[in-house]
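Colleague: I should like to request a close look at a single part of this model, namely its salt bridges. Please explain each term as you go, since the reader is a first-year student.

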Amino acid sequence: MTKSITSTSRRRFLGGVGAAAGVAAATSSVPTRFAIGQQAKIKVGILLPYTGTFAALGHNITDAMKLAINQAGGKLGGREIEYIAVDSEADPAKATANTNKLVVGSKVDVITGPVHSGVAAAMVKITREEETLTVISNAGAGAATGEMCAPNIFRTSFTNWQPAFPCGSVVLKDGHKRVVMMYWKYAAGFEFAGGFRDSFVPGGGTVMKEIQVDFPNVEFQAHLTEIAALKPDAVYVFFAGGGAAKFVKDYHAAGIKIPLYGSGFLTDGVLQAQDEAAVGIKTTLHYANDLDNPANKKFRADFKAATNRDADVYAVQGYDTGTFLVQAYAAVNGDTGAKKQIIAAMEKATIDSPRGKFTFSKAHNPIQNIYLRQVKAPGQEVFLGVAHEALADPAKGCKMA
Ligand code: BEZ
């Protein structure tokens, strides 16, 4: 069990952050108490999947985060780093125990991750209470920067609503009015479906059916037969990692010619495995491999050189998490006790990301472009345009927003 925060300490913490909002992240404000602790390593907790259907996502996020920090000298605010990684297994049932290992057991200064929205829900419940600095590097659970938002919780990735919302308009613009949706049956799937509906239905579209598949199940055959029989104009899906690779191959093998749309997680990181099965798929996401900006070109080359793997959206999020931590701790010369100043610096940060520059909303979520991409040939996905510029999540229920 975690300790529960008293309303007094909660008020003190929130009040402190409010007072810090107008304070420049100046190193001159770093307290002297810091001198003794300065020699200790900063503990960076990592809760990511290294096994199961999301394993590759966890590795790319981790390696790219370390790459960004190494490129900045391998330290945070001048202090050495101890990385403590726990395999989340993308399993919500183990998320409370795994988070406690890092927060209560290892007493990390900051925790990063996870990939799975169900794991994120359990993680932020604890870090909100324990006031542990938290940087979500993938999971899109709306609640983390919605009703569960807190001064110490930030996200460098996306909310599930963000990449989904513009896709409804894309599908309508392509002339498709009747869709079937299919997604994993957990928070992320529900939120991707909701985001898509939010633009598709008011625009005149009809959702014929929503097919839900238990996570991490990849038995799609019976559902594909049903889709073929329903004959929608288009299909919109949310799957990611190993499940996305399998879904696209099964869809193609079933001989279904109905246009396939999805969040960009459908193809990111698995495009080579999908080969010709992915050709034609259109997706929306906050990243595209071929974005023409200097940060993206340098990042892709550096990530390839460091890992011998191609970068994808997960690597971008990890890289931006590393950059974010570098900036935050530089603002306080590595004084992990200066929480108010760290948070104030984070709130003001601009990240020069491979996805394009972004800043943070009042709820601590990226305000970012969502891009339209299409697979034109096996292994070749191209940027078609900006589907929605500088999109902010509505942050429903967040009192800070
Ligand atoms: C999620 O559970 O939030 C998620 C997992 C993989 C990709 C995108 C979102």
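Modeller: The following answer begins with the chain as a whole, turns to the salt bridges, and ends with some details of the backbone.

This is a predicted model, in which local features need pLDDT of at least 70 and side-chain atom pairs count only at pLDDT 80 or more, whereas totals for chains, interfaces and linings use all residues. Residues are numbered from 1 along each chain as its sequence is written, and side-chain values use heavy atoms, with hydrogens and water left out.

The protein chain contains 13 helices and 13 strands; helices (H or I, at least four residues) and strands (E, at least two) are DSSP runs, numbered from the N terminus. Its radius of gyration is 21 Å, close to the 21 Å that the globule rule gives for 401 residues, so the chain is as compact as a globular protein of that length. That radius is taken over C-alpha atoms, and the rule is 2.2 Å times the number of residues to the power 0.38. Along the principal axes, the C-alpha atoms fill a box of roughly 70 × 45 × 35 Å. Of the 401 residues, 56% are buried; buried means under 20% relative accessible area, exposed over 50%, and partly exposed in between (1.4 Å probe, protein chains only).

We now come to the part requested. The structure holds 15 salt bridges, a salt bridge being a side-chain nitrogen of Lys or Arg within 4 Å of a carboxyl oxygen of Asp or Glu. One of them joins Arg178 to Asp233, with the closest N and O atoms 3.4 Å apart. Arg178 belongs to strand 6 (residues 178–184), while Asp233 is in the loop between helix 8 (221–230) and strand 8 (234–238), so this pair ties together parts that are 55 residues apart in sequence. Arg178 is partly exposed, at 34% relative accessibility, and Asp233 is partly exposed at 25%.

Another salt bridge links the side chains of Lys246 and Asp250, at 2.7 Å from N to O. Where do these two residues lie in helix 9? Lys246 and Asp250 are 4 residues apart in helix 9 (residues 241–253), and about one helical turn therefore separates them. Lys246 is partly exposed, with a relative accessible area of 29%, whereas Asp250 is buried at 15%.

A further pair consists of Arg373 and Glu381, whose closest N and O atoms are 3.4 Å apart. Arg373 is buried, with a relative accessible area of 1%, and Glu381 is buried as well, at 11%. Elsewhere, Glu89, Asp91 and Lys94 are joined into one network by salt bridges that share partners.

Some backbone details complete the account. The peptide bond from Gly113 to Pro114 is cis, with omega near -20°, and Pro114 lies in the loop between strand 3 (110–113) and helix 5 (117–130). The bond from Phe215 to Pro216 is also cis, with omega near 0°; Pro216 is in the loop between strand 7 (206–213) and helix 8. Asp275, which is not a glycine, has a positive phi near 50°. Asp275 is found in the loop between helix 10 (271–274) and strand 10 (282–285), and is partly exposed at 41% relative accessibility. Asn333 likewise has a positive phi, of about 50°, although it is not a glycine. Asn333 lies in the loop between helix 12 (313–330) and helix 13 (339–348), where it is partly exposed at 37%.
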